[in-house]
Amino acid sequence: MESIEPEKLEQILHEAFCAADKDSSGFVDRDELLVAFASSPVLQPYADPLIVDQVIAQLDTNNDGQLNYVEFIPLGHDMLKTIVASELKVRQISMDWFID
């Protein structure tokens, strides 16, 4: 599998952050993160207030209760990996069905 160019990865992460930052405050708060997870079929299992609270507690290095872009980057990486893995799994299932 090919890797993503650093500039493209940065663009994807920034777009994900901006999409989650519904009020354009420069921060993703608990409610915005819940909505972001709920809006993605792959990430819906994480749209649980307890999980979101744990994610924010782990990544919120300045303890302000929300994520700025720098704090969001590790989460963005994980979200991207989850989505790509899910897509690859769907493609594999489709190919298996086609081959059978």
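This passage describes the fold, the aromatic cluster, a buried acidic residue and the second helix of a predicted model.

The chain comprises four helices and zero strands, and its elements follow the order α-α-α-α along the sequence. Of its 100 residues, 26% are classed as buried. The area exposed by the chain amounts to about 6900 Å², of which carbon and sulfur atoms supply 59%. When contacts between residues at least 6 apart in sequence are considered, 46% of them join residues at least 24 apart.

Three aromatic pairs are present in the structure. In one of them, the ring centres of Phe17 and Tyr69 are 5.5 Å apart and the ring planes stand at 80 degrees; because edge-to-face pairs are those with planes over 60 degrees apart, the pair is assigned to that class. This pair links distant parts of the chain, since Phe17 belongs to helix 1 (residues 6-20) and Tyr69 to helix 4, with their positions 52 residues apart in sequence. Both Phe17 and Tyr69 are buried. Ring pairs further join Phe17 and Tyr69 with Phe72 in a cluster.

Helix 4, which spans residues 69-99, also contains Glu71. The side chain of Glu71 presents a charged group in a buried setting: Glu71 is buried but forms no salt bridge. The nearest side chain of opposite charge is that of Arg30, at a distance of 15 Å, whereas a salt bridge requires a separation within 4 Å. A polar partner is nevertheless found in the backbone, as the nitrogen of Thr61 lies 2.9 Å from a polar atom of the Glu71 side chain. Apart from neighbours within four places in sequence, the residues in contact with Glu71 are Leu59, Asp60, Thr61, Asn62, Asp64 and Gln66. Thr61 is thus found both in this list of contacts and as the residue whose backbone nitrogen faces the Glu71 side chain at 2.9 Å.

Helix 2 covers residues 30-38, and its buried residues are Glu32, Leu33, Leu34, Ala36 and Phe37. In an α-helix there are 3.6 residues a turn, so residues three or four places apart point the same way. The N-terminal end of helix 2 is capped by Asp29. In this cap, a side-chain oxygen of Asp29 is placed 3.1 Å from the backbone nitrogen of Asp31.

Key. Residues are numbered from 1 along each chain as its sequence is written. This is a predicted model: local features need pLDDT of at least 70, side-chain atom pairs count only at pLDDT 80 or more; totals for chains, interfaces and linings use all residues. Side-chain values use heavy atoms; hydrogens and water are left out. Helices (H or I, at least four residues) and strands (E, at least two) are DSSP runs, numbered from the N terminus. Buried means under 20% relative accessible area, exposed over 50%, partly exposed in between (1.4 Å probe, protein chains only). Contact means heavy atoms within 4.5 Å. Accessible areas come from the Shrake-Rupley method with a 1.4 Å probe; for residues, only the protein chains shown count as cover. Lys and Arg count as positive and Asp and Glu as negative; His and the chain ends are not counted. A polar contact is a pair of N or O atoms within 3.5 Å; within protein, one must be able to donate a hydrogen and the other to accept it, and residues adjacent in sequence count only if both atoms are side-chain atoms. Rings of Phe, Tyr and Trp (its six-membered ring) pair if their centres lie within 6.5 Å; planes under 30 degrees apart count as stacked, over 60 as edge-to-face and the rest as tilted.
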